[in-house]
Structure formats: C-alpha cells, structure tokens
Amino acid sequence: EQDMNLSVYWSDECKLCKVKAKCTRGNERRIKRWEHQQVLDDMEVELKSKSDTVNVRKSTVEHPYGTIKHWMGATHFQMKRLKNVSTEMSLHILSYNLMRVMNIMGKKELIAVIRA
C-alpha cells in the first residue's frame with residue numbers, strides 16, 4: 001500500500017465479541033501494521049520521555065521557521081529548481097539572522113561593526 005509493506009492482522013473471535021459494534025462494522029476488525037512501525041513506536045516513546053527537549057526545540061528552532069514562512073506569505077517558493085530554491089531559502093535565513101542581530105545589538109551598533 002503506497003509502496004509500504006504492511007502486515008494485516010485479524011481474529012475470528014470478533015464474531016462473538018459483545019462490543020464488536022464499537023470496534024468495527026465489518027465481519028472482523030483488521031489491523032494493518034507497517035513493517036517498520038516499531039521504529040516509529042520507539043521514537044514516540046522516546047519523545048514522550050524527553051518532553052522538555054521537545055518543548056525547547058519548539059521554542060528555539062520552530063519559531064524562526066514559522067517567522068520565515070510568514071514572511072514568505074505562508075505559501076510557496078518564488079523560484080523553481082533545487083539550486084534556486086536553496087538560494088531563496090538562504091536569503092530568507094540571512095535576512096532573518098540580520099533582523100535578529102539588529103534587534104539584539106541595535107541598528108547603530110551593527111552599522112558601526114560592519115563599517116569597522
């Protein structure tokens with residue numbers, strides 16, 4: 001299914017189950033599991049155990065991307081082809097970093113450093 005190897009599991013016991021109507025409308029409930037699902041399950045457990053790390057990432061890394069996406073109009077890149085899109089994204093990141101420096105240092109100090 002969509003180039004993924006899935007295993008399908010079901011039980012014949014569903015026909016006798018009292019809560020079958022809450023679980024499935026078919027003859028039995030079929031459960032599909034991707035061959036690499038355990039990797040995703042392990043990662044989910046790890047993320048839950050490190051919720052502080054995830055929160056730090058959200059506050060430090062995700063914000064710049066959201067800001068840049070907002071500047072871009074939350075749509076798409078203006079250029080086509082990977083090389084051009086990479087250049088466009090680099091310019092967005094450069095402008096974001098310059099804005100951060102201006103907010104931290106101040107415009108006059110930044111200009112003085114650039115002139116020096």
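**Notes on a predicted model**

Biologist: Where does threonine 24 lie?

Modeller: Threonine 24 is in the loop that joins α1 and β2. Please keep in mind that this is a predicted model.

Biologist: Is threonine 24 buried or exposed?

Modeller: Threonine 24 counts as buried, because its relative accessibility is 18%, and the cut-off for buried is under 20%.

Biologist: What does the side chain of threonine 24 reach?

Modeller: The side chain of threonine 24 reaches the backbone nitrogen of glycine 26, at 3.1 Å.

Biologist: And glutamate 28, where is its place?

Modeller: Glutamate 28 is placed in the loop between α1 (20-23) and β2 (31-34). With a relative accessibility of 15%, glutamate 28 counts as buried.

Biologist: Which side chain does the side chain of glutamate 28 make a polar contact with?

Modeller: That of arginine 30: the two side chains make a polar contact at 3.0 Å.

Biologist: Leaving aside neighbours within four places in sequence, what is glutamate 28 in contact with?

Modeller: With those neighbours set aside, glutamate 28 is in contact with Trp10, Ser11 and Cys14.

Biologist: Back to arginine 30. Which ring does its charged end sit over?

Modeller: The charged end of arginine 30 sits over the ring of tryptophan 10, at 4.3 Å from the ring centre. Arginine 30 thus has a polar contact with the side chain of glutamate 28 and a place over the ring of tryptophan 10.

Biologist: Where is the place of tryptophan 10, and is it buried or partly exposed?

Modeller: Tryptophan 10 belongs to the loop between β1 (6-9) and α1. Its relative accessible area is 46%, so tryptophan 10 is partly exposed.

Biologist: What is tryptophan 10 in contact with, leaving aside its neighbours within four places in sequence?

Modeller: Apart from those neighbours, tryptophan 10 is in contact with Glu28, Arg29 and Arg30. As a further reference point, the C-alpha atoms of tryptophan 10 and asparagine 27 are 10.0 Å apart, with the two positions 17 residues apart in sequence numbering.

Biologist: How many aromatic pairs does the count come to?

Modeller: The count comes to 0 aromatic pairs.

Biologist: Let us turn to the overall layout. How many helices and strands are in the protein chain?

Modeller: The protein chain has 5 helices and 2 strands. Starting from the N terminus, the order of elements is β-α-β-α-α-α-α. The radius of gyration of the protein chain is 25 Å, whereas the globule rule gives 13 Å for 116 residues; the value is well over the rule, so the protein chain is more spread out than a compact globule.

Biologist: What does the C-alpha trace span along its principal axes?

Modeller: The C-alpha trace of the protein chain spans about 80 × 35 × 25 Å along those axes.

Biologist: What percentage of the residues in the protein chain is buried?

Modeller: Buried residues make up 11% of the 116 residues. As for contacts in the protein chain with a separation of 6 or more, 40% are between residues 24 or more positions apart.

Biologist: Now α4. What span should this helix have at 1.5 Å a residue?

Modeller: Helix α4 (residues 82-105) has 24 residues and should span 34 Å at 1.5 Å a residue; its end C-alpha atoms are 34 Å apart, which agrees.

Biologist: Which residues of α4 are buried, and what do they pack against?

Modeller: The buried residues of α4 are Val85, Glu88, His92 and Tyr96. These buried residues pack against α3 (51-71).

Biologist: Taking histidine 92, what is it in contact with beyond its neighbours within four places in sequence?

Modeller: Beyond those neighbours, histidine 92 is in contact with Ile68, Trp71 and Met72. Its relative accessible area is 17%, so histidine 92 is buried. Histidine 92 and threonine 67 are 25 residues apart in sequence, and their C-alpha atoms are 9.9 Å apart in space.

Biologist: And serine 95, buried or partly exposed?

Modeller: Serine 95, which also lies in helix α4, is partly exposed, because its relative accessible area is 29%.

Biologist: What about the backbone at arginine 81: is its phi positive or negative?

Modeller: Phi of arginine 81 is near 80 degrees, a positive value in a residue other than glycine. Arginine 81 has its place in the loop between α3 and α4, and it is exposed, with a relative accessible area of 70%.

Biologist: Which phi does glycine 106 take?

Modeller: Glycine 106, just after α4, takes a positive phi of about 100 degrees.

How values were computed: Residues are numbered from 1 along each chain as its sequence is written. Side-chain values use heavy atoms; hydrogens and water are left out. Rings of Phe, Tyr and Trp (its six-membered ring) pair if their centres lie within 6.5 Å; planes under 30 degrees apart count as stacked, over 60 as edge-to-face and the rest as tilted. A charge sits over a ring if NZ of Lys or CZ of Arg is within 6 Å of the ring centre and within 35 degrees of the ring normal. Helices (H or I, at least four residues) and strands (E, at least two) are DSSP runs, numbered from the N terminus. Buried means under 20% relative accessible area, exposed over 50%, partly exposed in between (1.4 Å probe, protein chains only). A polar contact is a pair of N or O atoms within 3.5 Å; within protein, one must be able to donate a hydrogen and the other to accept it, and residues adjacent in sequence count only if both atoms are side-chain atoms. Contact means heavy atoms within 4.5 Å. The expected span of a helix is 1.5 Å times one less than its number of residues. The radius of gyration is taken over C-alpha atoms; the globule rule is 2.2 Å times the number of residues to the power 0.38.
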